[in-house]
Amino acid sequence: MSTKFVLQVLLLVFASAAQLASAEIKEYIRDYNYRGEPYDTAASCRVNAIDGVRRELLDELGSYVGSVVKLNQDSLGNSYMSHDVINITAGIVAFRLLDEKWNQPVYFVKASMKADPNDVLSKLKAMRADLELEKNLRESYEELERARNELAELKAKLARLQPAAMPKQAATVS
């Protein structure tokens with residue numbers, strides 16, 4: 001079982017390395033108009049406009065939100081559930097402001113961003129591989145536990161039958 005585990009881990013490492021090698025970073029140019037409130041300053045409008053242009057690009061590139069629910073049991077037999085929320089988004093590698101204007105209350109931002117559009121897909125594949133590996137390991141462990149329980153039952157039956165069989169064997173020998 002450990003050899004199989006090592007091979008799976010090595011395959012996962014090689015697959016991840018191949019995906020990183022084929023990563024293609026693309027440049028995107030986007031603009032965004034933030035309409036400020038009367039109490040907004042030029043600085044707060046600028047921050048919100050830059051955040052808006054980043055958010056729009058990340059929405060365009062894609063994101064994945066998933067949920068993993070695990071049912072666990074501790075050594076005392078108490079069951080508990082864990083709920084993990086997974087959020088994967090593409091990463092912006094570089095961000096550069098090309099133009100910005102404030103015509104109160106609107107703040108205009110034009111930005112150049114470099115990002116990998118395949119980043120979400122590669123991260124999602126890696127996460128699924130990890131979950132699949134965990135599932136396979138859990139199934140192997142459960143199968144091993146069933147085999148151990150069956151072996152213990154067979155040993156107990158053999159121990160019960162063995163003393164009863166001893167006198168019969170002695171009678172046939174004499």
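Colleague: Which residue meets arginine 148 in a salt bridge?
Modeller: In this predicted model, arginine 148 lies in helix H3, which covers residues 119-173. Its partner is in that helix too, three residues apart, about one turn of the helix. The N to O distance is 3.1 Å, and the partner is glutamate 145.

Colleague: Is glutamate 145 buried, partly exposed or exposed?
Modeller: Buried means under 20% relative accessible area, and exposed means over 50%. Glutamate 145 has 25% relative accessibility, so the residue counts as partly exposed.

Colleague: How many residues apart are arginine 46 and glutamate 100?
Modeller: The side chains of arginine 46 and glutamate 100 meet in a salt bridge, at 2.6 Å from N to O. Arginine 46 belongs to helix H2 and glutamate 100 to strand E4, so the pair links distant parts of the chain. Along the chain, the two are separated by 54 residues.

Colleague: With which residue does glutamate 27 form a salt bridge?
Modeller: A salt bridge needs a side-chain nitrogen of Lys or Arg within 4 Å of a carboxyl oxygen of Asp or Glu. For glutamate 27 the closest N and O atoms are 3.9 Å apart. Glutamate 27 is in strand E1, and the partner, 69 residues apart from it, is in strand E4. That partner is arginine 96.

Colleague: What is the nearest side chain of opposite charge to aspartate 40?
Modeller: Aspartate 40 lies in the loop between strand E1 and helix H2. Aspartate 40 is buried yet has no salt bridge. The nearest side chain of opposite charge is 9.9 Å away, and a salt bridge requires atoms within 4 Å, so the pair does not qualify. That side chain belongs to arginine 35.

Colleague: With which side chains does the side chain of aspartate 40 make a polar contact?
Modeller: One polar contact, at 3.2 Å, is with tyrosine 34. Another, also listed at 3.2 Å, is with serine 44. The side chains asked for are those of tyrosine 34 and serine 44.

Colleague: How far apart are the C-alpha atoms of phenylalanine 108 and cysteine 45?
Modeller: Phenylalanine 108 is found in strand E5. Its contacts beyond four places in sequence include Tyr32 and Lys101. Cysteine 45 is 63 residues apart from phenylalanine 108 along the chain, and their C-alpha atoms are separated by 9.0 Å.

Colleague: Which residues form a nonpolar patch on the surface?
Modeller: One member, valine 69, is found in strand E2. Together the members have about 360 Å² of accessible area, and they are Val69, Leu71 and Met81.

Methods
Residues are numbered from 1 along each chain as its sequence is written. This is a predicted model: local features need pLDDT of at least 70, side-chain atom pairs count only at pLDDT 80 or more; totals for chains, interfaces and linings use all residues. Side-chain values use heavy atoms; hydrogens and water are left out. Patches are made of residues with over 30% relative accessible area and no salt bridge: like charges are joined within 9 Å, nonpolar side chains (Val, Leu, Ile, Met, Phe, Trp, Tyr) within 5 Å. Accessible areas come from the Shrake-Rupley method with a 1.4 Å probe; for residues, only the protein chains shown count as cover. Helices (H or I, at least four residues) and strands (E, at least two) are DSSP runs, numbered from the N terminus. Buried means under 20% relative accessible area, exposed over 50%, partly exposed in between (1.4 Å probe, protein chains only). Lys and Arg count as positive and Asp and Glu as negative; His and the chain ends are not counted. A polar contact is a pair of N or O atoms within 3.5 Å; within protein, one must be able to donate a hydrogen and the other to accept it, and residues adjacent in sequence count only if both atoms are side-chain atoms. Contact means heavy atoms within 4.5 Å.
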